[in-house]
Amino acid sequence: MNNGNNMRRGLKANLRYATKADCPRLLELIMELAHYERAPQEVTVTLHEFEEAGFGNKPVWTAIVAEVEEVVQGFALYYVRYSTWKGCRLYLEDFLVTENYRGQGIGKQLFEAVIQEADKKGFKGMVWQVLDWNEPAINFYKKYEASLESEWLNASLNNDQITTLLTKHLEAGIKIS
């Protein structure tokens, strides 16, 4: 597990925008994150869907990758979120540095690159989620004086729930004109 690299502090990673060729590696890192977050079963996106969402006709996400010795060891994936109160904001969907490279400054480089992106693109801020038990991440964000809000609950419907609602529970005939 320890490849000896975590003894080096301040490792300089090569940061660049992700390309379609990075998608298989990004999905590996997404699975690493899902395991860390105790929810690997929640990752259901296919490689094709992931590639299309990032590099198809209507791309919805952008990612910055951190390479060490030409291998992607971290990434930050984001997209535009519109707030009716604040305007366009950068939404940081996933942010990970692989376990063997944590504590070497790569996360700092990536996070600060995302902050610069938010500024460069004229966003009115950036938002993300962090699990309440993820103390290392919480402490990392506190270094940036991030606001951590405890009063909001996440709500979602998965595809199966939407299908069930459409077939069994929703009023038929609702049309948007």
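Let me start in helix 3, where E117 and K120 both sit, three residues apart, which is about one turn of the helix. In this predicted model, the side chains of E117 and K120 come together in a salt bridge, with 3.0 Å from N to O. The two partners sit in contrasting surroundings, because E117 has a relative accessible area of 5% and is therefore buried, whereas K120, at 58% relative accessibility, counts as exposed.

How many salt bridges does the count come to by this rule? The count is seven, and besides the pair in helix 3 I will go through two others that join distant parts of the chain.

One of these is the salt bridge between the side chains of R16 and E67, at 3.0 Å from N to O. This pair links distant parts of the chain, since R16 belongs to strand 1, residues 14-17, and E67 belongs to strand 2, residues 62-68, with the two positions 51 residues apart in sequence. As for accessibility, R16 has a relative accessible area of 24% and so is partly exposed, while E67, with a relative accessible area of 14%, is buried, because buried means under 20%. R16 and E67 also belong to a network of salt bridges, in which they are linked together with D22.

The other is the salt bridge in which the side chains of R102 and E32 meet, at 3.5 Å from N to O. Here too the pair links distant parts of the chain: R102 lies in the loop between strand 4 and helix 3 (106-120), E32 lies in helix 1, residues 23-36, and the two are 70 residues apart. Both are partly exposed, R102 with a relative accessible area of 33% and E32 at 23% relative accessibility.

Let me finish with one acidic residue in strand 4, namely D94, whose strand covers residues 87-97. Is D94 buried or exposed? At 16% relative accessibility, D94 counts as buried, because the cut-off for buried is under 20%. Which residues does D94 touch, if we do not count those up to four places away in sequence? With that exclusion, D94 touches I30, L33, F75, A76 and L77. For those of you looking at T46 in the structure, D94 and T46 are 48 residues apart in sequence, and their C-alpha to C-alpha distance is 17 Å.

Key
Residues numbered from 1 in each chain as written. Predicted model: local features only at pLDDT ≥ 70, side-chain atom pairs only at ≥ 80, totals over all residues. Heavy atoms only, no water. Helix = DSSP H or I, 4+ residues; strand = E, 2+ residues; numbered from the N terminus. Buried < 20%, exposed > 50% of the residue type's maximum accessible area, 1.4 Å probe, protein only. Contact = heavy atoms within 4.5 Å. Salt bridge = Lys/Arg side-chain N within 4 Å of Asp/Glu carboxyl O.
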